[in-house]
Amino acid sequence: MALCFELVVNFGDNLRAAREATLTEPESLVLHAGTQRIPLHRPMLTTTGPHVELSILPVAVGWGVGLDGSLPRFPLSAAEFTELGHQLYELLAKFDGYLTARVGWDPEPLLDPAELKAEWSEELADGSLHGLVLCDELHGALGLGDEYVPFQPGYRWMPYRGEEPSSLTAD
C-alpha cells in the first residue's frame with residue numbers, strides 16, 4: 001500500500017478547470033525541502049465517482065509510490081514536509097474552478113463535499129481539518145464561520161499548520 005504526500009484537488013464535474021490546472025506544468029517546478037531539491041511528478045487526473053480529482057506528488061517523498069519506481073526515498077523531517085506543503089499550497093493558489101483541496105498524507109477521503117457534510121461535520125466546525133481549502137459556495141453551504149479565512153478570491157481555508165514528527169518523517 002502506498003502512502004503519498006501530495007496536493008489533491010477536487011474539481012467536482014469541472015473537467016475544463018482540472019485540465020487547465022494541469023497546464024501550469026508543475027512537473028517543471030522544483031520544490032525545496034531544507035537542502036533537498038525535489039521535483040514534481042506529472043499531474044494526474046482521475047475520476048472518482050462524480051468527481052474529477054487532480055493529484056500532484058513530489059518525487060520520492062512517499063512510501064511505496066509506484067510513480068517513484070526504484071528511486072531512493074528522500075528522508076525528510078516534519079519541518080521539511082511542512083516546507084513542501086506550503087509550496088504545494090502556493091501552486092494551488094494558481095488554480096481556479098475547484099470545490100475542495102488539501103495537502104498532506106493521502107488527503108483524498110477529506111475532499112468529497114457530501115462526505116464532509118455527513119462524516120466530518122464536527123472536525124469542520126472545530127477546525128481540526130487544517131489545510132482544507134473550500135470554495136466559498138461550499139463554505140456557505142456547510143454553515144462554517146469566520147475561522148475559515150480567505151485563501152484566494154473565491155476560496156476559504158483552515159490554515160495549514162504543517163506536519164508533525166511521526167513514523168513517516170525522518171525525525
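**Entry 1: Glu80**

I looked up Glu80 and found that this residue is buried yet has no salt bridge. I searched for the nearest side chain of opposite charge, and Arg73 is 9.1 Å away. I note here that the model is a predicted one. Glu80 is found in helix α2, which covers residues 78-92. I then asked which residues Glu80 touches, not counting residues up to four places away in sequence. The contacts are Ala33, Gly34 and Pro75.

**Entry 2: the hairpin of β2 and β3**

Two of those contacts, Ala33 and Gly34, led me to the next element. Strand β2 (residues 30-33) and strand β3 (residues 36-39) run antiparallel, and four bridges join them. I recorded one pair of facing residues: Ala33 stands opposite Gln36 in β3. The hairpin has two residues between the strands, and Gly34 takes a positive phi near 65° there.

**Entry 3: positive phi outside glycine**

Most residues other than glycine have a negative phi. I therefore looked for residues that depart from this habit. Ala60 is not a glycine, yet its phi is positive, at about 60°. Ala60 sits in the loop between β5 and α2. Is Ala60 buried or exposed? Its relative accessible area is 3%, so Ala60 counts as buried.

Asp106 is also not a glycine and has a positive phi, of about 45°. I located Asp106 in the loop between β6 (100-105) and α3 (113-119). With a relative accessible area of 25%, Asp106 is partly exposed.

**Entry 4: the open sheet**

I traced the order of the strands in the sheet. Seven strands form an open sheet, in the order β4-β5-β1-β6-β7-β9-β8, and the pairing is antiparallel. Which strands stand at the edges? They are β4 and β8 (149-152), and each has a single partner strand, so one side of each is left without a neighbour in the sheet. On average, neighbouring strands of this sheet are turned by 30° against each other, direction ignored.

I checked the pairing of β4 with β5: these strands run antiparallel and five bridges join them. Met44 has Ser55 in β5 as its bridge partner.

**Entry 5: strand β1**

I examined β1 (residues 5-10) residue by residue. The strand is mostly covered, for six of its six residues are buried. Phe5, Leu7 and Val9 point one way from β1, whereas Glu6, Val8 and Asn10 point the other way. Residues on both sides are buried.

How many bridges pair β1 with β6? There are six, and the two strands pair in the antiparallel sense. β1 also runs antiparallel to β5, to which four bridges join it. Asn10 appears in both pairings: this residue stands opposite Thr100 in β6 and opposite Glu53 in β5.

**Entry 6: helix α1**

I turned to helix α1 (residues 15-22), where Ala17, Ala18 and Ala21 are buried. Why do these residues line one face of the helix? Seen down the axis of α1, the buried residues fall within an arc of 100°, so they line one face. An α-helix has 3.6 residues a turn, so residues three or four places apart point the same way.

What does the face turned away from the buried side carry? The exposed residues Arg16 and Arg19 are found there. The buried residues of α1 pack against β4 (44-48) and β5 (51-56).

I also compared directions. On the pairing of β4 with β5, I repeat that five bridges join them. α1 packs on the sheet and touches these two strands, and its direction makes about 10° with that of β5.

**Entry 7: helix α2 and the loop that follows**

I returned to α2, the helix that holds Glu80. α2 lies across β1, β5, β6, β7 (133-135), β8 and β9 (155-157), and runs at about 25° to β1.

Ala93 lies in the loop between α2 and β6. Ala93 counts as partly exposed, at 39% relative accessibility. Not counting residues up to four places away in sequence, Ala93 touches Phe151 and Gln152. Lastly, I looked up Ala93 and Glu164, which are 71 residues apart along the chain. Their C-alpha atoms are separated by 23 Å.

Note on methods
Residues numbered from 1 in each chain as written. Predicted model: local features only at pLDDT ≥ 70, side-chain atom pairs only at ≥ 80, totals over all residues. Heavy atoms only, no water. Buried < 20%, exposed > 50% of the residue type's maximum accessible area, 1.4 Å probe, protein only. Arc of directions from axis to C-beta. Contact = heavy atoms within 4.5 Å. Pairing = 2+ DSSP bridges. Lys, Arg positive; Asp, Glu negative; His and termini not counted. Salt bridge = Lys/Arg side-chain N within 4 Å of Asp/Glu carboxyl O. Axes fitted to C-alpha atoms, helices over the stretch in contact; angles between N-to-C directions.
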